[in-house]
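The following exercises concern internal space, core packing and helix geometry. Each task is followed by a worked solution.

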Amino acid sequence: MKVGFALGSGFRPSRLAAVARAVEVSGFDSIWSTEDYFATGGFAGAAVVLGATERIRVGTGVVSAYARHPALTAMEAGTLAAAFPDRFRLGLGAGGLEWLDQQGIAHPRPLAAVRGNVEAIRALLAGEELTGTYGGFAFDHVHLEFPPEKAPPILVGATGPKMTALASTVADGLLLSVFSTPEFVRIQRNIAGAVPYISTLAFLALDDTVAEARAKVRPVIAAYLADSASTVMTDAIGITEDLRDIVATGGAAALAAQMPDTWVDQLAVCGDLRACVDRIHALAEAGSQEVALAPISAESLLEDIDKLGSALRAG
């Protein structure tokens with residue numbers, strides 16, 4: 001089991017290098033540089049983390065197949081793969097569609113867009129020249145001037161079954177979103193079949209007591225779920241209908257107030273040290289080779305990293 005962190009949205013970029021070093025010193029395996037618009041850039045964040053650390057693996061988690069031309073994505077990924085051999089991974093997906101709408105970026109045919117992006121990026125990273133259309137983007141004799149000696153792995157971010165099935169055929173792994181319960185991981189593992197690697201993101205709320213940790217993460221969970229149109233992750237634990245009933249009567253505030261503790265415990269790595277370690281192991285036992293923790297508390301982050309690293313090393 002590998003454990004890492006997903007960083008980029010919860011605090012200012014000026015803290016990123018110091019936090020990344022703390023993650024590495026505490027013995028964690030990876031950092032995913034998130035690109036939640038409009039916080040910290042995925043590639044820029046990954047470059048900061050790679051430059052501040054020595055061994056830890058770093059990925060983008062995830063960059064949108066629509067927001068950049070695949071040639072530019074390949075250029076960015078190739079630069080980091082060449083400068084930091086065997087340390088960079090490209091996480092790619094459809095991205096947050098509401099954020100794309102804010103920018104007037106169309107997002108038709110997500111499966112075709114992701115498939116075309118992966119095909120084009122792989123070819124360019126391998127030193128090939130492309131002409132034609134891939135994922136809705138045009139190429140006219142495009143090639144990378146400096147393709148890396150070794151192409152980075154590509155992981156596809158997916159929640160729906162069709163995107164998961166696609167990832168199993170075109171990608172090196174699958175990157176699962178926050179709110180992925182062990183039940184959901186098992187479903188995804190069954191769909192993905194022979195996909196070699198699954199990394200699961202999870203919100204982290206660590207405190208002295210389980211009750212205090214739940215209180216921290218409850219409004220965060222409520223805000224995300226109240227605005228989300230997707231139900232596949234809540235379907236996996238059978239709470240979607242009840243959740244929608246609560247949201248319909250009072251929105252995110254009502255959901256935060258009425259959400260059962262069992263939902264909170266299922267949808268986040270939440271609690272004291274023992275509870276958090278147990279939850280990480282539960283995700284691993286369900287089929288995740290890696291669990292990447294997205295911290296919700298910036299104030300205690302360095303302390304939380306140290307505590308959790310020590311607890312995981314102790315078993």
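**Exercise 1. The enclosed spaces**

The second largest cavity is lined by Leu 204, Ala 205, Leu 206, Lys 216, Pro 295, Ile 296, Ser 297 and Asp 304. A cavity here is a set of points, on a 1 Å grid over the protein atoms alone, where a 1.4 Å probe fits but cannot get out, and lining residues have an atom within 4 Å of a point. The model is a predicted one, in which local features need pLDDT of at least 70 and side-chain atom pairs count only at pLDDT 80 or more, while totals for chains, interfaces and linings use all residues. Residues are numbered from 1 along each chain as its sequence is written, and side-chain values use heavy atoms, without hydrogens and water.

Task: Determine how many cavities of 30 Å³ or more the whole structure has, and describe the lining of each by class.

Solution.
1. The search returns two cavities of 30 Å³ or more.
2. The largest has a volume of about 50 Å³, a volume being the space filled by probe spheres set on the grid points, which are joined across faces, edges and corners.
3. Its lining includes Phe 179, Pro 182, Gln 266 and Arg 279. Two or more lining residues come from each of β10 (198-206), α11 (261-267) and α12 (273-286); helices (H or I, at least four residues) and strands (E, at least two) are DSSP runs, numbered from the N terminus.
4. By class, this lining has eight nonpolar, three polar and one charged residues. Ala, Val, Leu, Ile, Met, Phe, Trp, Tyr, Cys and Pro count as nonpolar, Asp, Glu, Lys and Arg as charged, and the others, Gly among them, as polar.
5. The second largest cavity holds about 40 Å³, and β10 gives the most to its lining, with three residues. That lining divides into five nonpolar, one polar and two charged residues.

**Exercise 2. The nonpolar core**

Task: Identify the residues with the most contacts inside the largest nonpolar core, then examine the surroundings of Leu 293 and Leu 7.

Solution.
1. A nonpolar core is a set of buried Ala, Val, Leu, Ile, Met, Phe, Trp, Tyr and Cys residues joined through side-chain atoms within 4.5 Å. The largest has 67 residues, and Phe 5, Val 23 and Leu 293 have the most contacts inside it.
2. Helix α5 (residues 110-125) supplies the largest share of this core, seven residues.
3. Beyond four places in sequence, Leu 293 is in contact (heavy atoms within 4.5 Å) with residues including Phe 5, Leu 204 and Val 269.
4. Leu 7 belongs to strand β1 (residues 2-7). Leu 7 counts as buried (under 20% relative accessible area, 1.4 Å probe, protein chains only; exposed is over 50%, partly exposed in between) because its value is 2%.
5. Among the sequence-distant residues that Leu 7 touches are Leu 16, Val 23, Trp 32 and Pro 295. The C-alpha atoms of Leu 7 and Val 23 are separated by 10 Å.

**Exercise 3. Helix α3 and its cover**

Task: Compare the expected and actual span of helix α3, and state what covers its buried residues.

Solution.
1. The expected span is 1.5 Å times one less than the number of residues. For the 14 residues of α3 (residues 70-83) this gives 20 Å, and the end C-alpha atoms are 20 Å apart, so the two agree.
2. Buried residues of α3 include Pro 70, Ala 77, Leu 80 and Ala 81.
3. Their cover includes α2 (42-52), β5 (88-93), α5, β6 (130-134) and β7 (137-142).
4. Leu 50 lies in α2 and touches Leu 80, along with Val 58, Phe 84, Arg 87 and Phe 88. Leu 50 is buried, at 0% relative accessibility.

Conventions
On a 1 Å grid over the protein atoms alone, a cavity is a set of points where a 1.4 Å probe fits but cannot get out, and a pocket is an open set with protein on both sides within 12 Å along at least five of seven lines; lining residues have an atom within 4 Å of a point.
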